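Hi,

Here is the structure I promised to pass on. Have a look at it first, and then read my notes below.

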Amino acid sequence: MRDYYHIKVNLPGGIASPGHLKQVLSAAWAAHVRKVRFGSRQQMLMTVHYEDMHFLETELKKLDLNFEINADRFPNIISSYCGEEVFKTGQWLNAGEYHSVLDTFDFQPRLKINISDSNQSFTPFFTGNLNFVSSGEPHFWFLYIRPKQSNAVFKWKELIYTSEIGKVSRLLDELMLDENLTTESALYQAVQERLNYVSQPAAQDLELPRFSLPYYEGFNRYEARTWLGLYRRDEQFPIEFLLDICALCLKTRTGEICTTPWKSIIIKGIEDQDRNEWSNILGRHNINVRHAANELAWQTEDYPGDGNALKSKAIRHFEKQDTRTFGLCFGIQTRSKSEVFGSVLIKKRHLFKIAGIGIIDVYDLYHTENFNPNSRNHILFQKGLFGIHLNWQLERLCMRFSNLRTVETAQSFIPAIEEHIVRDQPISIIHQCPDCFTVYDPEFGDELNHIPAGTAFADLPETYCCPTCDMEKSFLLPIEKSFNHFIIPTI
């Protein structure tokens, strides 16, 4: 018999009514649950002792609630609604549009479904199986499909109208899971044969914004009101605290509490006259806000195991070394079939097992293509690291990202001044290591690697590496060697 049971409560779109949430939390409190968590798919999670399980299950059924016990057959629908208004959002996508989309779902999806504003970078775009992303055409959405247990994503040929998203999703759910159709052509043909829906050709490609994780904690002004972001270092929210939040929302007519993929919550629409009452709640429950930004940029699994311990050690190392992590987010995966969101990914695996239990663990370190966390292409950086070496390699990977951004910025500046440059001779191209800044110059070759002077970079063997830090040839960056004479334009 299990000592404890895990309960998952879906909150579609990451939106919770304070009144409904208060009922759920009150039932959990009566079942001796004292803390809850919010998952990476914006769902609510709680752990209950087996002696209290029957009581809580009975109470949750009375609330007509979608919940599961020790299961995840019906993943929560996630959305970027939590950042609507308070962070950068699209021109036509608003709160009413999100609710219209969610109202079209009259079934429990078995596939992961994401609803995303194309202009934001707070919530992930492609972690779902069906990923709807707003297009430039009002009320029409791109659809990107990722079959289960796959990293391959393909774009649907048509833009889907808002009111059709639910029924298109239902049919795709049946086709992909019951009939095992997974290819683009097979799915498209089946949908065309069985369903009439409003759409238009997806003539243009989706243009995603550059990733930048906004700071999402504390009191923040927007328009003439305030929003409050709440994050817990251990990911545990005391139920007493959440019940007080629900009560204050009801008192001040704040209609919604939003959960985020970063396992935090956001409360929007706080009026100036109510600000002190919100501050008093934080003080009464000793809730800290304004954690460092590098601590907020992490995602662990919903039941993390040692994920939080790894995160804490890495954050302490970054603080000690004063490591720059701006522009990056980190994911820790300790189970092979779990999924986390991040531009840098730490994956744990067992090097040695006895009776199926890992005795010696190592870590593989990846980053996504161009360090964009929405990319499905994971690039191996270091393999088989022991825990003692992990944080130093993480720091090295952060330095690589910063160096790449520095070179990228410098290269984007060159065209702006190029017309003002006076050259005495043609510009030559050299290649620089993004980690240690060692340069390969064809004029001199590489004596340490027995490369004679005059050898072009293209003629170097594919096995060539940086003579200082062994960075692979493919990562060396082309840069202009120098200008003999140039004039900076006046501004």
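To start with the overall picture: of the 491 residues of the chain, 51% count as buried. Keep in mind that this is a predicted model. The chain has 10 helices and 25 strands. Among contacts with a separation of 6 or more, 66% are between residues 24 or more positions apart.

On overall dimensions, the C-alpha trace spans about 80 × 55 × 55 Å along its principal axes. The radius of gyration is 26 Å, which agrees with the value near 23 Å that a compact globule of 491 residues would have. About 24,000 Å² of the chain is exposed, and carbon and sulfur atoms supply 50% of that area.

Now the empty space, which is probably what you want to hear about. Rolling a probe the size of a water molecule over the atoms shows where such space is left.

The largest pocket holds about 1,200 Å³ of space. Its lining is made up of 45 residues, and K112, K337, S338, E339 and V340 are the ones nearest its centre. Two elements, β1 (4-9) and β20 (344-354), give two or more residues to that lining. The largest share comes from β1, with 3 residues. Sorted by class, the lining of this largest pocket has 18 polar, 15 charged and 12 nonpolar residues.

The second largest pocket has a volume of about 560 Å³. It is lined by 25 residues, with N10, L11, P12, N66 and L102 closest to its centre. At least two lining residues each come from β2 (15-16), α1 (18-30) and α3 (95-103). Here the class split is 16 nonpolar, 7 polar and 2 charged.

Then there are the cavities: the structure holds 3 of them at 30 Å³ or more. The largest cavity contains about 60 Å³ of space. Its lining consists of Y216, Y231, E235, P261, W262, K263, E295, L296, W298, Q299 and K311. From that list, α8 (293-296) and β18 (298-299) are the elements that give two or more residues. By class, the lining of the largest cavity has 6 nonpolar, 4 charged and 1 polar residue.

The second largest cavity has a volume of about 40 Å³. The residues around it are C433, T438, V439, Y440, Y464, C466, P467 and L476. Of these, 7 are nonpolar and 1 is polar, with no charged residues in the lining of this second largest cavity.

One residue I looked at separately is K35, which lies in strand β3 (residues 35-38). Is K35 buried or exposed? Neither, as it turns out: its relative accessibility is 42%, so K35 counts as partly exposed. Leaving out residues up to four places away in sequence, K35 touches D234, Q236, F237, P238 and I239. E235 is 200 residues from K35 along the chain, yet their C-alpha atoms are separated by 9.6 Å. You have met E235 already, as one of the residues lining the largest cavity.

If you want somewhere to begin, load the model and go to K112, K337, S338, E339 and V340, which lie nearest the centre of the largest pocket. After that, N10, L11, P12, N66 and L102 will take you to the centre of the second largest one.

Cheers

Terms used. Residues numbered from 1 in each chain as written. Predicted model: local features only at pLDDT ≥ 70, side-chain atom pairs only at ≥ 80, totals over all residues. Heavy atoms only, no water. 1 Å grid on protein atoms, 1.4 Å probe; cavity = no way out; pocket = protein on both sides within 12 Å on 5 of 7 lines; lining within 4 Å. Points joined across faces, edges and corners; volume = space filled by probe spheres on them. Helix = DSSP H or I, 4+ residues; strand = E, 2+ residues; numbered from the N terminus. Nonpolar A, V, L, I, M, F, W, Y, C, P; charged D, E, K, R; others polar. Rg over C-alpha atoms; globule rule 2.2 N^0.38 Å. Buried < 20%, exposed > 50% of the residue type's maximum accessible area, 1.4 Å probe, protein only. Contact = heavy atoms within 4.5 Å. Areas by Shrake-Rupley, 256 points an atom, 1.4 Å probe, with all protein chains shown as cover.
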